[in-house]
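Please look through the model shown here, beginning with its helices and then turning to the packing and the charged side chains.

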Amino acid sequence: MESSYYSKEMEDYVSVVDVYDSAALIGKDFEYLIEQYGVEAVTDLMPKVIRVLEQLEFLAAKNEKENDELMQLELTIKRLNCEKEERNKERQKYEQVRV
């Protein structure tokens, strides 16, 4: 039976695809357990694991959406700061011409 994996990258970010990959591995582990010990061995556990995977999928999707929004906001801030700098440069040029 293949053991579960955990990578350092998962500490920072878990994507929906990561959840699907984990679900596939868990499914293979369930298949192995069923083959070795019968379906009764996982009957109570399987719905619990499925529910947790569904919750993780939902949270991963929410996280991805929030990360996308955060990146858009950061880009907007950079653009606005650049525009502000340009206006300040233009104002300084104007003020120097007036003096």
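The paragraphs that follow take up a helix, a core and some salt bridges in turn.

This is a predicted model, and a convenient place to start is α2, which covers residues 45-98. At 1.5 Å a residue, the 54 residues of α2 should span 80 Å, and because the end C-alpha atoms of α2 are 79 Å apart, the expectation and the model agree.

Along α2, the residues V49, L53 and A60 are buried, and the buried residues of this helix pack against α1. Leaving aside neighbours within four places in sequence, L53 is in contact with V19, A23 and I26. The largest nonpolar core has eight residues, namely V14, V16, V19, F30, V42, V49, L53 and A60, and the elements that give two or more residues to this core are α1 and α2. In the segment before α1 (16-37) lies S15, which is buried at a relative accessible area of 11% and, apart from neighbours within four places in sequence, is in contact with A60 and E64.

The count of salt bridges comes to four, among them a pair formed by the side chains of E54 and R51, with an N to O distance of 3.8 Å. Because E54 and R51 are three residues apart in helix α2, about one helical turn separates them; E54 is partly exposed at 41% relative accessible area, and R51 is partly exposed at 47%. K65 and E69 form another salt bridge, their closest N and O atoms being 3.8 Å apart, and these residues lie four residues apart in α2; K65 counts as exposed at 54% relative accessibility, whereas E69 is partly exposed at 41%.

Notes. Residues numbered from 1 in each chain as written. Predicted model: local features only at pLDDT ≥ 70, side-chain atom pairs only at ≥ 80, totals over all residues. Heavy atoms only, no water. Buried < 20%, exposed > 50% of the residue type's maximum accessible area, 1.4 Å probe, protein only. Contact = heavy atoms within 4.5 Å. Core = buried A, V, L, I, M, F, W, Y, C linked by side-chain atoms within 4.5 Å. Expected span 1.5 Å × (residues − 1).
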